[in-house]
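Here are my notes on the model you sent, written as numbered points. Keep the structure open beside you and look up each residue as you reach it.

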Amino acid sequence: MSEVANKVVIITGASSGLGEETAKMLAHKGAKLVLGARREDRLKALTDTINSEGGEAIYKTVDVTDKAQVQALSDAALERFGRIDVLVNNAGLMPLAPLDELKIDEWDQMIDVNIKGVMYGVAAVLPTMRKQKTGHVINLSSVAGHVVFPGAAVYCATKFAVKAISEGIRQESNGEIRATNISPGAVSTELTDHISHKDSKEMAEGLYQDAISSDSIARAITFAIEQPGDVDVNEMIIRPTKQE
Ligand code: NDP
């Protein structure tokens with residue numbers, strides 16, 4: 001039997017892209033899902049679809065930059081399902097621009113969502129996972145968490161931070177908590193829609209011509225979850241074959 005079945009999985013950023021696709025895949029494998037993001041219409045539609053197809057999902061709107069809201073998401077999982085097996089810390093954004101553009105509000109946003117949001121997720125589930133003596137945190141880093149490229153200094157900094165957080169969780173796991181760092185290359189989602197700097201957007205559109213689909217990353221996340229409990233998949237880098 002699949003190790004995914006009946007696991008309680010929280011996914012942030014479940015309203016589009018990788019989060020949405022992962023929710024669908026895990027639902028088909030019998031996971032119990034708790035879906036979070038800001039856009040309620042999207043979350044409701046996804047939850048309705050999953051439940052109408054025989055899966056089990058609830059949703060709660062959450063802005064991951066607000067630690068009380070992230071805690072409320074985790075509380076909703078406990079209230080409904082009584083335990084938390086996996087947190088997929090997926091919410092993120094990538095408004096690329098060269099440093100000279102001084103898009104300081106976008107720097108703040110990336111730091112707040114991509115780093116602090118991830119830490120708030122960890123804070124919300126860690127006490128429960130310690131009590132259970134088992135749990136699994138899956139963080140979405142990026143190829144940009146391994147290499148830096150022009151126009152992406154702050155985004156890369158946030159994704160390097162995510163990689164460090166994943167490794168920190170692993171080192172402090174006490175043999176109880178699995179930590180998986182997922183590093184996608186270009187994947188076709190809404191991620192590039194929010195780039196406000198024209199040249200950076202054009203650069204990204206070039207890079208994303210060979211982008212792979214979200215289900216490639218959903219499969220990687222599913223693979224990490226469905227390993228037996230004594231197997232901890234720590235790191236996966238998934239690029240389009242054509243990406244340099
Ligand atoms: P999308 O833009 O499609 O999805 C991003 C998700 O994050 C949305 O569901 C959005 O929901 C959510 N989100 C953004 N800000 C917040 C917030 N403040 N609070 C709660 N949720 C928020 O992009 P992807 O699916 O591609 O991105 C998912 C993750 O994968 C990100 O961490 C990204 O950095 C990472 N990644 C993506 C790659 C790619 O090429 N696509 C490559 C490498 C990494 P809402 O707006 O409803 O709140």
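1. Let us begin with how a helix pair is described. The axis of a helix here is a line fitted to C-alpha atoms over the stretch in contact, and angles run from 0 to 180 degrees between N-to-C directions. Two packed helices are described by the angle between their axes and the distance between the axes. Please keep in mind that this is a predicted model.

2. Now to the pair itself. Helix α3, residues 67–81, packs against helix α4, residues 104–132, at an angle of about 35 degrees, and the two axes lie 8 Å apart. The crossing of α3 past α4 is right-handed. On the α3 side, the contact is made by K67, V70, Q71, L73, S74 and L78, and on the α4 side by Y120, G121, A123, A124, V125 and T128. What kinds of residues make up this contact of α3 with α4? They divide into seven nonpolar, four polar and one charged.

3. Next, find the ligand. It is surrounded by 29 residues, and the closest are G13, G17, R38, R39 and G92. Which helix gives the most to this shell? That is helix α1 (residues 17–28), with three residues. By character, the residues of the shell divide into 13 nonpolar, eleven polar and five charged.

4. One of those closest residues, R39, deserves its own look. R39 sits in the loop between β2 (32–37) and α2 (40–52). Is R39 buried or exposed? It counts as exposed, because it has 12 C-beta neighbours inside 10 Å, and a residue with 12 or fewer is called exposed. R39 and E20 are 19 residues apart in sequence, and their C-alpha atoms are 12 Å apart in space.

5. Here is a point about the record. In an unreviewed entry, UniProt lists residues 7–172 under "domain: Ketoreductase". Over residues 7–172 the chain is 53% helix and 16% strand, and the C-alpha atoms at the two ends are 23 Å apart.

6. Two loop residues have an unusual backbone angle to check. Most residues other than glycine have a negative phi. K133, however, has a positive phi, near 60 degrees, and N174 has a positive phi near 55 degrees. K133 is in the loop between α4 and β5 (135–140), while N174 lies in the loop between α5 (153–171) and β6 (177–184). Why do both count as exposed? K133 does so because it has 10 C-beta neighbours inside 10 Å, and N174 because 8 other C-beta atoms lie within 10 Å of its own.

7. For a contrast, turn to V86, in strand β4 (residues 86–89). V86 is buried because 25 other C-beta atoms lie within 10 Å, and 20 or more are needed for that label. Leaving aside residues up to four places away in sequence, V86 touches K7, V9, H136, I138 and I225. V86 and L73 are 13 residues apart along the chain, and their C-alpha atoms are separated by 13 Å.

8. Helix α7 offers two residues to compare. D215 lies in α7, which covers residues 214–225, and A220 is in helix α7 too. How exposed or buried is each? D215 is partly exposed, because it has 15 other C-beta atoms within 10 Å, whereas A220 counts as buried because it has 21 C-beta neighbours inside 10 Å.

9. Finally, see what these two α7 residues meet. D215 touches E21 and M25, not counting residues up to four places away in sequence. D215 and K24 are 191 residues apart in sequence, yet their C-alpha atoms are 9.4 Å apart in space. With the equivalent close-in-sequence residues left out, A220 touches I182, M236 and I238. The C-alpha atoms of A220 and I182 are separated by 7.9 Å, and the two residues are 38 apart along the chain.

Terms used: Residues numbered from 1 in each chain as written. Predicted model: local features only at pLDDT ≥ 70, side-chain atom pairs only at ≥ 80, totals over all residues. Helix = DSSP H or I, 4+ residues; strand = E, 2+ residues; numbered from the N terminus. Left-handed = near helix turned anticlockwise from the far one by under 90°. Contact = placed C-beta atoms within 7 Å. Nonpolar A, V, L, I, M, F, W, Y, C, P; charged D, E, K, R; others polar. Near = placed C-beta within 6 Å. UniProt positions renumbered as here; feature names shortened; annotations may be inferred.
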